[in-house]
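Trainee: Could you take me on a close look at one part of this model? I would like to follow a single sheet and the parts around it.

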Amino acid sequence: MKLILYHANAMMKEIAENWVKENQIEVTVLSELLTAESVKLAKGYDGIINSQAAGTIDKEIYSTLREYGIRQIALVSAGYELYDLKLATENNLVITNVPSYSPESIAEYTVLTGLNLVRNNNTIIASVAKNDFRWRPSICGRVMGDMKVAIIGTGRIGQITAKLFHGFGCELVGFDLYQNEGIKSILTYKDSIEEAVKDADIVSIHMPATVDNRHCFDYEMFKKFKSGAILLNMARGSIVDTEGLLKALDEGILSGAGIDTYEYEMPYIQKDYQDKAIEDEVFARLVHHPRVMYSPHIAYFTDEAIKNLVEGALNAAVEVITTGTSKSRVN
């Protein structure tokens with residue numbers, strides 16, 4: 001059996017190499033994105049694994065893989081919104097994901113970001129870097145336990161995030177189309193997102209991206225927030241209208257935002273732009289906004305998560321090749 005892994009970094013390559021030793025299956029590891037051109041490198045292989053989590057997937061890829069006799073694409077992610085599941089099925093391709101790889105990693109990073117914003121840590125660090133050690137109102141924080149937190153999406157990640165905020169003593173409200181019975185003892189569900197966010201000091205998004213929730217959080221939604229609230233988005237960039245977010249921050253509707261995902265991030269993520277200009281003007285404004293704590297899609301980025309993602313995707317590829325399906329298939 002021969003597998004090919006696309007868009008892998010050095011950590012992923014090391015994990016794949018260790019997996020190869022344990023499973024005695026050949027894996028070719030590439031740094032290239034999976035594109036209509038690079039998919040030609042998969043010819044002669046039995047299975048394909050792709051770690052791309054943003055951008056687009058060329059539609060020609062599906063028919064090309066079918067032509068090569070490849071029956072699956074294993075995703076090194078939980079999200080699969082980049083993929084045309086109908087087109088994949090039409091081309092006899094099974095798409096698999098890794099539904100749970102380390103929800104704790106994302107939840108912990110979410111709370112860390114929220115705490116940094118509540119305590120104005122960006123301002124403190126910037127001041128200290130300039131040898132400014134004054135105590136002043138702009139660096140005065142708040143007590144997390146005095147705050148109300150709205151959890152939007154209470155699946156695996158949202159549930160753990162809620163429990164961590166609860167540990168600080170926060171009051172919790174939430175919204176989800178499918179309520180989680182396991183957290184009703186600490187969280188009160190509301191009937192709509194609008195009702196959940198209206199009195200919340202912190203709003204934390206943990207929804208998957210869908211066609212229906214694109215730009216769900218736009219300027220009109222932000223106007224329904226409590227004045228001075230903080231937004232945390234460690235989910236998917238398309239859920240937030242970045243122009244609307246920046247406007248809400250500039251007008252003081254929101255006091256801060258922790259953003260780990262941006263809708264059009266693909267040209268920049270995992271790239272070194274220290275000596276290059278960011279051509280995306282909206283992204284540049286987001287990254288350098290004084291009230292934004294931006295991170296480059298790394299909320300999940302822990303040793304445990306990377307290991308579980310890579311091994312989970314490789315195992316799913318083998319499962320489909322040997323059995324024709326997988327317990328983690330999404331189409």
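Mentor: Gladly; here is a walk through the seven-stranded sheet and what surrounds it. Keep in mind that the model is predicted.

Let us begin with the layout. The sheet is open, its strands run in the order β8-β7-β6-β9-β10-β11-β12, and the pairing is parallel. At the edges stand β8 (187-189) and β12 (292-294); each has a single partner strand, so one side of each is left without a neighbour in the sheet. On average, neighbouring strands here are turned by 15° against each other, direction ignored. As a reminder, strands of a sheet pair through backbone hydrogen bonds, either parallel or antiparallel.

Now look at the β12 edge. Strand β11 (residues 254-259) pairs with β12 in the parallel sense over three bridges. To find the register, start from glycine 258, whose bridge partner in β12 is methionine 293.

Next, bring in a helix. Helix α4 (residues 103-118) lies across β9 (202-205), β10 (229-233), β11 and β12, and it runs at about 150° to β10.

Strand β9 deserves a stop of its own, at serine 204. This serine 204 has a relative accessible area of 0%, so it counts as buried. Which residues surround it? Leaving aside neighbours within four places in sequence, serine 204 is in contact with Thr110, Ala150, Ile151, Ile152, Thr161 and Leu232.

From there, move to the second largest pocket, with a volume of about 320 Å³. It is lined by 18 residues, and the closest to its centre are Leu117, Asn120, Ile230, Ser255 and Gly256. Two or more lining residues come from each of α4, α5 (121-129) and β11, so you meet the helix that lies across β11 here again.

Beyond β12 in the sequence comes helix α11 (residues 303-323), which has 21 residues. From its first C-alpha to its last it reaches 30 Å, close to the 30 Å expected at 1.5 Å a residue. Its buried residues include Ala305, Leu309, Ala313, Ala317 and Ile321. Glycine 324 follows α11, and its phi is positive, near 95°.

For a last stop, try another parallel pair: β3 (residues 47-50) and β4 (residues 72-75) are joined over two bridges, with isoleucine 49 partnered by alanine 74 in β4. Both faces of β4 are covered, as Gln72 and Ala74 on one side and Ile73 and Leu75 on the other are all buried.

Note on methods: Residues are numbered from 1 along each chain as its sequence is written. This is a predicted model: local features need pLDDT of at least 70, side-chain atom pairs count only at pLDDT 80 or more; totals for chains, interfaces and linings use all residues. Side-chain values use heavy atoms; hydrogens and water are left out. Two strands pair if DSSP finds at least two bridges between them. Helices (H or I, at least four residues) and strands (E, at least two) are DSSP runs, numbered from the N terminus. Axes are lines fitted to C-alpha atoms, for helices over the stretch in contact, and angles run from 0 to 180 degrees between N-to-C directions. Contact means heavy atoms within 4.5 Å. The expected span of a helix is 1.5 Å times one less than its number of residues. Buried means under 20% relative accessible area, exposed over 50%, partly exposed in between (1.4 Å probe, protein chains only). On a 1 Å grid over the protein atoms alone, a cavity is a set of points where a 1.4 Å probe fits but cannot get out, and a pocket is an open set with protein on both sides within 12 Å along at least five of seven lines; lining residues have an atom within 4 Å of a point. Grid points are joined across faces, edges and corners, and a volume is the space filled by probe spheres set on the points.
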